[in-house]
Amino acid sequence: MKKQNLFGLTVTGMFLITAMTACGSEENLGSTETANQIQKEEAVALSGNNDKKVPLVKLPDGITPIQAESVPNQEVASLIIDSLEIPEEDWKNTKYYYNYVDLNEDGKDEIFVMVTGPYTSGTGGSMALYLTGEKGNLTVAQKFTVVNEPVIISNEVENGYHVLVIPYNYLGKQIYSVLKYQNGAYPNTPNGQEIENLDGITGTAIIANDRSAEADNGIEWMNLKDN
């Protein structure tokens with residue numbers, strides 16, 4: 001499956017759908033059934049064109065939601081286990097959600113992965129990793145705590161890296177922590193730079209799966225034992 005490139009690229013799947021549709025007859029294109037199918041295919045393309053079609057969270061205009069990758073990644077899973085020291089008995093109950101990103105706009109894929117489960121999650125949120133390097137030689141560039149989805153990659157850039165906006169709950173209220181890259185790293189936990197809503201924020205929201213809706217639809221996500 002093709003990696004999702006979140007910045008500066010068009011969604012190739014949507015153009016393929018448009019090209020394929022143009023080959024059909026005018027009669028077929030005019031039918032309600034065909035038109036509905038085209039809309040569904042375009043929605044899938046815009047949401048990442050992954051194998052699992054999952055509900056996405058609703059976000060304000062200007063923020064594009066992208067579902068997490070749906071193919072297990074052995075290298076990512078191994079780094080999660082090693083860097084977070086997750087016992088084997090907890091692998092089955094530990095799920096991970098990841099997306100390819102380019103936070104520093106160097107044209108190379110990085111990976112942001114959120115890890116959920118009894119061993120890595122608490123009332124405030126879950127642990128996450130920012131992975132850099134080439135396939136087969138990934139390394140953990142940074143660990144995060146108290147991360148919730150979706151992780152918003154703002155169009156704003158600070159010190160060469162996109163600003164991250166991460167929701168979390170505080171005293172029963174959802175607020176957003178703004179993480180800016182400074183002194184060679186992002187803050188690894190909510191750091192007091194908070195906003196109450198997403199007004200004026202534009203960008204891309206990764207790991208934008210609506211996990212409550214997934215559970216209602218019986219969608220099982222990959223865990224560390226799947227690899």
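This is a short talk on two sheets, one helix and three single residues in a predicted model.

Some ground rules. Residues are numbered from 1 along each chain as its sequence is written, and side-chain values use heavy atoms, with hydrogens and water left out. Because the model is predicted, local features need pLDDT of at least 70 and side-chain atom pairs count only at pLDDT 80 or more, while totals for chains, interfaces and linings use all residues.

I will speak of helices and strands throughout; these are DSSP runs, numbered from the N terminus, with at least four residues of H or I for a helix and at least two of E for a strand. Strands of a sheet pair through backbone hydrogen bonds, either parallel or antiparallel. Here, two strands count as paired if DSSP finds at least two bridges between them.

Start with the sheet of four strands. It is open, the order is 2-3-4-5, and the pairing is antiparallel. At the edges are strand 2 (95-101) and strand 5 (139-147), each of which pairs on one side only. On average, neighbouring strands of this sheet are turned by 20° against each other, direction ignored. For such angles, axes are lines fitted to C-alpha atoms, for helices over the stretch in contact, and the angles run from 0 to 180 degrees between N-to-C directions. Strand 2 and strand 3 (residues 110-116) run antiparallel and are joined by seven bridges. Lys 95 stands opposite Thr 116 of strand 3.

Now, what packs on this sheet? Helix 4 (residues 74-84) does, touching strand 2, strand 3, strand 4 (126-132) and strand 5. Its direction makes about 120° with that of strand 4. Contact, in this talk, means heavy atoms within 4.5 Å. Among the buried residues of helix 4 are Val 76, Leu 79 and Ile 80; buried means under 20% relative accessible area, exposed over 50%, and partly exposed in between, using a 1.4 Å probe and protein chains only. The buried residues of helix 4 pack against strands 2, 3, 4 and 5.

Look at the two ends of helix 4. At the N-terminal end, Asn 73 is the cap, with a side-chain oxygen 3.1 Å from the backbone nitrogen of Glu 75. Just after the helix, Glu 85 has a positive phi of about 55°.

The other sheet is also open: six strands in the order 1-10-6-7-8-9, with mixed pairing. Its edge strands are strand 1 (63-65) and strand 9 (194-195), each pairing on one side only. Strand 1 runs parallel to strand 10 (residues 203-206), with three bridges joining them. Ile 63 has Gly 203 as its bridge partner in strand 10.

Next, single residues. His 162 sits in strand 7 (residues 161-170). Is His 162 buried or exposed? It counts as buried because its relative accessibility is 2%. Its side chain reaches the backbone oxygen of Ser 154 at 2.7 Å. That is a polar contact: a pair of N or O atoms within 3.5 Å, where within protein one must be able to donate a hydrogen and the other to accept it, and residues adjacent in sequence count only if both atoms are side-chain atoms.

Asn 148 lies in the loop between strand 5 and strand 6 (151-158). At 18% relative accessible area, Asn 148 is buried. A polar atom of its side chain lies 2.8 Å from the backbone oxygen of Gly 124, and the backbone oxygen of Pro 167 lies 3.1 Å from a polar atom of that side chain.

Last, Ile 219, in the segment after helix 5 (211-216). Its relative accessibility is 22%, so Ile 219 counts as partly exposed. Its C-alpha atom is separated by 9.9 Å from that of Pro 55, 164 residues apart along the chain.
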